[in-house]
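Subject: Structure handover

Hello,

Here is the structure for you to look over. My notes follow below it.

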Amino acid sequence: MLYKGLTKIIILDSRFPYKKYMSANKKVLITGNEAMAEAALQAGCRFFAGYPITPQNELIAYMAKRMPKAGGVFIQAESEIAAVNMVFGASAAGFRAITTSSSPGISLKQEGISYMAGAQLPCVIINVMRAGPGLGNITPSQGDYFQATKGGGHGDYNLIVLAPSTVAEAFELTMLAFDLADKYRNPVMILTDAFLGQMAEPIEIKRQRPKNKNFKKDWALTGAKNRKPNVISSLFIKEGVLEEHNKKLQEKYKSVRKKEIRYKSLNLKEADIVFVSYGIVSRIAQEAANILKREGMNIGLFSPVTLWPFPYKQLKQLTADKKAVFVFELSSGQMVQDVEFALDRTLPVYFYGRMGGEVFSEKDIVKFVKKKLTYAGKS
Amino acid sequence: MPEKVNLEFKKPRSLRNVSTHYCPGCGHGIVHRLVTEIVDELEIREKTVAIAPVGCSVIAYDYWDFDVSEAAHGRALAVATAMKRCRPNLVVFTYQGDGDLASIGIAETLYAANRGENLTCIFINNACYGMTGGQMAPTTLIGQKTTTTPWGRDPAKGDGFPLKVSELIANLPGVCYVERVSVSNPQNVIKTKKAIKQAFLNQLEDKGFSLVEILSQCPVIWRMTPQEAVKWVESEMIKTFPLGRIK
Ligand SMILES: Cc1ncc(C[n+]2csc(CCOP(=O)(O)OP(=O)(O)O)c2C)c(N)n1
Ligand code: SF4
């Protein structure tokens, strides 16, 4: 036996019977990138366009193998710009469509994302973040938080942004992303990083039925047979019409804020200190909390799953009787702004982060927390 | 026996009965009509999807009575590629200006052509950027004055040469048909209609990528009367952009 429970090594080439292995309540060891690709297919996504970039190449390769067999369309586009505009076309045709990339490529897609938000076209975009700015490097980062949650492209729009912290969650949230996109007719982004994208974890794939049939797309372009012509457009020239359109979008975002906020929390009742972090970092934070617990400290964990809409109210309520909040990020502290906004100076907020693709360990967190708390205790 | 000609003047079913925003003497209106006549003749209105560009024809969907999508500036052929691949039974065409197709969108143009996408591309060459007020386009003639070439386009000054997109893409194996035509006189309008029809038929017969380049007058930006503009197409433009079948 190679490894406990591992009886066979199978090469995942194009002959591999994916359908059999990926559906029948089987446990599979799979990378985040591949899990998200598989989830998209199982969600009924039948269009992929992308351009190679590390660290999301496994996702494209998986799609290249699987999409044609699933009866869908796979295109290696000439650029990220072309890819996102192809997704625009597929979505306008009424198809569930996805494009994936990593940070520099996501920057190139912003115009297209803004167009889709404006034209109310559903789609899913995955950003497997790498370190920036510029070409940066290909190691894990959370430096695109502002870009994802505060706009990125031009105009008054929002993306729904989901942040998985495990491979299993990456799978689930990708499935969910397609439903949210169709429900709200809005682009949805999965914001993850090189770490989770390339890390393999065992996940159990449950047989799920794609819900795409639940959404009637009578706005899609299918040919004007027995109906008036449909038009997909984000252009509103006549006076006042664009503002009316934007007001409608804002109404939609309001209802997303009301209904779709998701977060995870652990041990918040007993805790007097709360760690806030998202994605892979929340797992490092959890390890650190475990260490500190053994040393007698009581730490709670709060992890937003929807980065937009951000769980402002929930964070405030759940930390109301606490002593301090710590935020950990693989960035200069972009989410800290949202945490501070939520807490409105009711609690001290400490931030520890690293940039440029450097990842901290649970020990680094422990050291930082201890230092801050002794310092705070003295003052 | 001469063919029976229907002399009754009728608006095509696919063309809406509204007045357009185009300037007097603009070529866009003529081409809009030709496209809709062909959609009617081929009886494909109910399965046609057009991709409108960013340019003067950005609101073509106000005039065409079939499904239309916008595309970001230059990206019409990327949008069309996906549309056609997802729904191969649709007839998908793009309608693009020279700034849209040959400058900002040149990569999308070359790649859709090189993939041999089964699409029809209607390319309006008016030697300028109309919508933004008359800047230099990739197709602006040498010596032609625009707001960004106030002394005339001069390759020696780094303005570059007129880009011959039709000749460029004709070399690609995925391209099945390329023809350059004009709408500067009635004979040429008839030839243009024939070329557009061919480009649609090719798609119906799964032949690959077809492009029809149409030299189109833009009297307002050219600072000419409509009469002067059609003369300029015939005396100047065709020297750089000779008419005829390229592939
Ligand atoms: C990304 C982007 N850049 C620039 C513009 C501004 N813009 C609108 S139309 C246009 C040029 C249109 O020229 P052309 O494609 O030749 O079409 P015409 O108006 O002459 O028919 C430009 C530059 C834009 N809308 N989007
Ligand atoms: S600016 Fe030129 S291309 Fe645009 S509508 Fe006027 S004449 Fe036509």
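**Ligand 1**

Ligand 1 sits between chains A and B. Please keep in mind that this is a predicted model. There are 17 residues around ligand 1, and the nearest are B:Cys56, B:Asp98, B:Gly99, B:Asp100 and B:Gly130.

Three polar contacts are worth a look. B:Asp98 brings a polar side-chain atom to 2.4 Å from an oxygen atom of ligand 1. B:Cys56 has a polar backbone atom 2.8 Å from an oxygen atom of ligand 1. For B:Cys128, a polar backbone atom is 3.2 Å from an oxygen atom of the ligand.

**Ligand 2**

Which residues surround ligand 2? They are B:Tyr22, B:Cys23, B:Cys26, B:His28, B:Cys56, B:Asn126, B:Gly130, B:Cys218, B:Pro219 and B:Ile221. Sorted by class, this shell holds seven nonpolar residues, three polar residues and no charged ones. B:Cys56 is listed here and is also among the nearest residues to ligand 1. B:Gly130 likewise appears around ligand 2 and among the nearest to ligand 1. B:Cys218, one of the residues around ligand 2, is buried at 11% relative accessible area.

**The sheet**

Next, the strands. An open sheet of eight strands runs in the order S10(A)-S2(B)-S1(B)-S3(B)-S4(B)-S6(B)-S5(B)-S7(B). Its pairing is mixed. The edges are S10 of chain A (231-232) and S7 of chain B, each of which pairs on one side only.

Start with S5 of chain B, residues 175-182. Seven of its eight residues are buried, so the strand is mostly covered. S5(B) pairs with S6(B), residues 209-215, in the parallel sense, over seven bridges. Between these two strands the chain passes through helix H6 of chain B, residues 186-204. That β-α-β crossover is right-handed. At the residue level, B:Ser182 has B:Leu215 of S6(B) as its bridge partner.

S5(B) also pairs with S7(B), residues 244-245. Here the sense is antiparallel, and there are two bridges. B:Glu179 is bridged to B:Arg245 in S7(B).

S6(B) has a further pairing, with S4 of chain B, residues 120-125. These strands run parallel and share six bridges. B:Ile122 has its bridge partner, B:Val212, in S6(B).

**Helix H2 of chain A**

Helix H2 of chain A spans residues 32-42. How many of its 11 residues are buried? The count is 11 of 11. Among them are A:Asn33, A:Glu34, A:Glu38 and A:Gln42, as well as A:Met36 and A:Leu41. After H2(A) comes A:Gly44, which has a positive phi near 95°.

**Cysteines**

There are zero disulfides over all chains in a search of the whole structure. A:Cys123 is in none; its nearest cysteine sulfur belongs to A:Cys45, 9.9 Å away. A disulfide would need the two sulfur atoms within 2.5 Å, so this pair does not count. A:Cys123 is buried, with a relative accessible area of 2%.

**Backbone points to check**

Most residues other than glycine have a negative phi, and most peptide bonds are trans. A few places in chain A depart from that pattern, and they are listed here.

- The A:Thr54 to A:Pro55 peptide bond is cis, with omega near 10°. A:Pro55 belongs to the loop between strand S2 (47-50) and helix H3 (57-69) of chain A.
- The A:Gly132 to A:Pro133 peptide bond is also cis, with omega near 0°. A:Pro133 is in the loop between strands S5 (123-131) and S6 (137-140) of chain A.
- A:Asn226 is not a glycine, yet its phi is positive, near 55°. This residue falls in the loop between strand S9 (200-204) and S10 of chain A. A:Asn226 has 74% relative accessibility, so it counts as exposed.
- A:Asp344, again not a glycine, has a positive phi of about 50°. Its loop lies between helix H13 (336-343) and strand S16 (349-353) of chain A. A:Asp344 is exposed too, at 52% relative accessible area.

Best wishes

Technical notes. Residues numbered from 1 in each chain as written. Chains lettered and ligands numbered in written order. Predicted model: local features only at pLDDT ≥ 70, side-chain atom pairs only at ≥ 80, totals over all residues. Heavy atoms only, no water. Buried < 20%, exposed > 50% of the residue type's maximum accessible area, 1.4 Å probe, protein only. Helix = DSSP H or I, 4+ residues; strand = E, 2+ residues; numbered from the N terminus. Pairing = 2+ DSSP bridges. Right-handed = clockwise from strand over helix to strand, strands pointing away. Near = heavy atom within 4 Å. Nonpolar A, V, L, I, M, F, W, Y, C, P; charged D, E, K, R; others polar. Polar contact = N/O pair within 3.5 Å; in protein donor to acceptor, adjacent residues only side chain to side chain.
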